[in-house]
Every structure is written in C-alpha cells, then in structure tokens.
Amino acid sequence: MSTSMKIGVDVGGTNTDAVLTDGRQVIAGVKAPTTTDVSSGIVQALQQLLGRAKVGTEAIDTVVIGTTHFTNAFVQGKGLGEVAVVRLGAPSTLALPPLCGWPERLTKCIGDYRQVVGGGHDFDGRPYAPLDERALRTVAKEIRDRGLRAAAISSVFSPVNQSFEERAAEILRDENPDLQITLSHAIGRIGLLERENAAVMNASLAEMSRHVVASFRAALDKLGITVPFYISQNDGTILDADRVAQFPVLTFASGPTNSMRGAALLSGLANSIVVDIGGTTSDVGVISNGYPRESAVAADIGGVRTNFRMPDILSLGLGGGSLVTDDAIGPRSVGHMLQQDALVFGGSTLTTTDIAVAAGQVDIGDKSLVKHLDKAMVARAIDRIHEMLDVAIDRMKTSSAPVPVVLVGGGTVLVSRKLRSASEIVIPENAGVANAMGAALAQVGGEVDQVMSYRGRKREDVLAEASDLARKRAVDAGAIASTIAIVDVEELPLAYVPGEAVRVRIKAVGDLAPQNPKGGKRKAEHAA
C-alpha cells in the first residue's frame, strides 16, 4: 500500500464528499450529509472513508479540503467583521469613493470607516502622486481609537508596483501591531474598484477564516490525521491552510472548480463541457486544457463586483432534490433533507429523484411509493429536465456544434438519454465524488498578471520573463519544479496607453511536493 495517499474533501450545501486516492486511482469514496457546523460532517465523512478503505491514518500524506463556507458567509452577510477601508489614490480617484455600488445590507456589516489619501502609480509603475504618510499616520491612530481589527489597503496600479501598499501597511501596523491587513495587489487584478472590493471582502472574512481553518484542523486532529492540509481555491489549484486564513476569498467558487477538475481527471477529457448535478443546483462549465475556463467578466459576489479569478460557471436550479410541480422544476429544493422529504423515502414532497425512480432510471428508496404518479406527468418532467440541461449547455458553448459533455455529481441519474447539445455523454467511474477527486488531485499554481512594455524588446523575451516569474511563484507555493507547466497565456494590448503597453497574464501549475509526516516538504523530491 502506498505511503503517499491523498484525501480530498468537498463540503457542499447538501453533502460532504470524500475520496482517498493513490496517484490517480480512487481507493474509496463516500458521501455524508453536510452538518451545520461543517467540521463534524467532515469527521463523519472521513471516518466512513478510512473504514471503507481499511487504511490507517499513517498512510495519509496530504489532505485537501474544498469549502463554500466563505462564499456563503459573504453572500448572506453572516459573521463579517468591520473593515477600515484605506485607498491610496487622492486626488485622482475621489469621484468614486470606496464601496460605491455595494448593497446597503453589506455596507452595514463592513462599517463606515473609509479614507482616501494621496498616492498612486501609473500603468508602468512610476508614481504619479507621492504617498501621503502624514495622512496615513492619522488614519492609523483613528483605526486604533475605533478598535478596528481588520483593514483593506488599495492603491492605483498596485499589481504593477505594490510599494505604496506595503509602506502603508507598515505605517498602520506601527499603531496597530495586531491589525489584520489585506493588500489589494495580493488578490485582485488591474482595475482599482473591483480589486478594492475584493480586498475589502477578504478583510471582512479575516476573523472568520482563522476560526474555520482552526475547525478544519481540529477535525483532522480528532481523527489522528496530523499531515499538512490544504484548501482548494477557485482556479483549480490549492493553498496551504495558513495562506487561506489570510486570503479566504480565493476559495470562492472552489466547489464548482473542484467538480470541473475532477471531471477532467476522471474522464480523461481535457476539453469538454462539464455538468455537475448536485442536490440543489447544476453547475455547467467549460474545461480547457484540463482547467476550468475563467470568466471574462467581472465576478458579482452577493451584489459586489470583483476582478479576482473566477471560473465561468452557469448555475441552474436543477438537482436531485429539486421540487417538481405541474408548472416547473426547481429552483427550490429539499437540499440535505432529501432522505426525509422525498416520496421514495416516505416523505410528502415530489422531487426530481422521485421522478427518476418512477421512470425506472434509478432504484433507490421504496419505488412502490411513487407508482401512483401519472405516467404522462413523469414523462413531461423527464423532458423538462433534459431541456433545461440542453439550454444551459448551449449557453456555455462558443459555437453551435455539439461538444463532449461530462456528467458528474450525485444527480447524474436524472439524465436518461442523449442531449441534443452533446456530441457524446460521458459519466465516468466515481462521478458522484468528482468534486472531492478534483480537490485531492489539485495542483499548485503561480500566476503573473501585470502590465508590461514591449517597446524596444522582443515579445518572446517579455513572455519568457513573465513565464519564469510564474514558475517561481508556483515553486514558492510548494510545486515540484520539474512538473511545472504553463497552462494559460493571455496578452491584452492596452489602447491609448504609451510604450506599447500590454497586459500579460500567465498561469503555471505543477504537482504538490510530497509531504513528510511532520509537515515539511521532502527536500529531495521538491528539488527534483
């Protein structure tokens, strides 16, 4: 039995899925109901997993967890902390104050301390206004007097030159040594308002993130699993737990991303459409070169525009627990109460699972409890399910031609025939736990996103320089150097900007260096 096994866990709204893998082989997979406190559901799932696999904790090398906890908390405005919002952009950005466009229900959670002080850079990294350190010292004292514990600092073109943000953080910490500070250049991309929003989001989750990461660690400790653990982020790669405690927003939409990655790995299709049918929703996305296609538009999270990387996902209210009426299917769902509320389990609510059982597509529960359903109604519901999926797939395609479609998730039983939008339908083995599989086999990434000048330089040299930086960032994050590959290169010439300026985005990924039982990287393998 291998001594470098990985556990992948994906905490969804309905189920907590877990898999044990040895390389790309799935040793065992389980589903357990998601619990309100999340961590006890993880414990239950891992207990079942290790029992089924008959593997001791000493064989586990790494644990990777995917969670929707932070996304749900922000969208619902629950557990958010007050944030000191500090922008380095006077006088040029005063027309649009921080948090403009935020819903009132969220600004109430964030608080009302917002300051814009002098500073900022041009696209090429040269300062256009000096940093107003005197004003920042006043801000630091006001933060101390208000008792604020988190701050978000943003500056114009800080992804190109982050020196002003870093200096501002030093000044704030002089007065507030324990202040949790988010610097916008560490999260967002070019575009001040959206990047600032992302930083504020992150800062508002700072306190919660420490508690959530600690609860995950406690759940693993309870089972005697003392190896390092990681949390999946929304580009299909992973972060170590301590980094997630600093940057919780990077986990937003990691659940669908895990499913997309898992579908690609299980099916062997590096380019396809993936439909993850869960208990409440179906997430439809595009896999390109084995990774989810990133959204080309600003992501809207709970009514707030951001510009950090997000997968291009279309969600529709169709899942195994969706309510069925004469007029519609979904979007309401019984969710994790499926085994209590659905007809086949002795409940009183008609769900899509009942329809699938009545149609003979799956044999779960007590099928005699749905034999009274009108056959014509069942047929109409089946037609409607397939039509909903066809429409969603067509919306995600870039052409009218049929494409391969990979179905994953516990709700794949809802699909019983060919979809007109698909050239083929693939339901891989272990499709029900593809999300946990995607987490278990997630890689480590490094990314460069900055404005570079092509004037007087060869394009190839500029891209090579940026690629080397992306590779270095992947190694710094824990990747094995010999496994790193460049998976995405994007060039966007900037009109009306001098110096042949081009926005360059390059993404590098590699395999996580194996871990030793004490939590350090195995140096020989890491250096390979």
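Trainee: In this predicted model, which strands do the buried residues of α14 pack against?

Mentor: The model is predicted, not experimental. Helix α14 covers residues 459–476 and lies across three strands. Its buried residues pack against β21, β22 and β23.

Trainee: Which residues of α14 are buried?

Mentor: Buried here means under 20% relative accessible area. By that cut-off, the buried residues of α14 are Val 462, Leu 463, Ala 466, Ser 467, Ala 470 and Ala 474.

Trainee: How wide an arc around the axis do they cover?

Mentor: In an α-helix there are 3.6 residues a turn, so residues three or four places apart point the same way. The buried residues of α14 sit on the same side of the helix, because the arc they cover around the axis is only 130°.

Trainee: What distance separates the end C-alpha atoms of α14?

Mentor: α14 has 18 residues, and at 1.5 Å a residue the expected span is 26 Å. The model agrees with that expectation: the end C-alpha atoms are 26 Å apart.

Trainee: Which residue with a positive phi follows α14?

Mentor: The phi in question is near 115°. The residue that has it, following α14, is Gly 478.

Trainee: In what order do the three strands of the open sheet stand?

Mentor: The pairing in this sheet is antiparallel. β21 (444–453) and β22 (485–493) each have a single partner strand, so they stand at the edges, with one side of each left without a neighbour in the sheet. Neighbouring strands are turned by 10° against each other on average, direction ignored. The order is β21-β23-β22.

Trainee: What is the bridge partner of Asp 449 in β23?

Mentor: β21 pairs with β23 (residues 501–510) in the antiparallel sense, over 10 bridges. Within β23, the bridge partner of Asp 449 is Arg 505.

Trainee: Which are the edge strands of the sheet of six strands?

Mentor: That sheet is open and its pairing is mixed, with the order β3-β2-β1-β4-β9-β10. An edge strand pairs on one side only, and here these are β3 (25–33) and β10 (238–240).

Trainee: What does the twist average from one strand to the next there?

Mentor: The sheet in question has the order β3-β2-β1-β4-β9-β10. From one strand to the next, its twist averages 25°.

Trainee: At about what angle does α7 run to β9?

Mentor: β4 (residues 60–67) and β9 (residues 229–232) pair in the parallel sense over three bridges. In β9, Tyr 230 is the bridge partner of Val 64. Helix α7 (residues 206–222) lies across β4 and β9, and its angle to β9 is about 130°.

Definitions and conventions
Residues are numbered from 1 along each chain as its sequence is written. This is a predicted model: local features need pLDDT of at least 70, side-chain atom pairs count only at pLDDT 80 or more; totals for chains, interfaces and linings use all residues. Side-chain values use heavy atoms; hydrogens and water are left out. Two strands pair if DSSP finds at least two bridges between them. Helices (H or I, at least four residues) and strands (E, at least two) are DSSP runs, numbered from the N terminus. Axes are lines fitted to C-alpha atoms, for helices over the stretch in contact, and angles run from 0 to 180 degrees between N-to-C directions. Contact means heavy atoms within 4.5 Å. The expected span of a helix is 1.5 Å times one less than its number of residues. Buried means under 20% relative accessible area, exposed over 50%, partly exposed in between (1.4 Å probe, protein chains only). The arc is that of the directions from the helix axis to the C-beta atoms.
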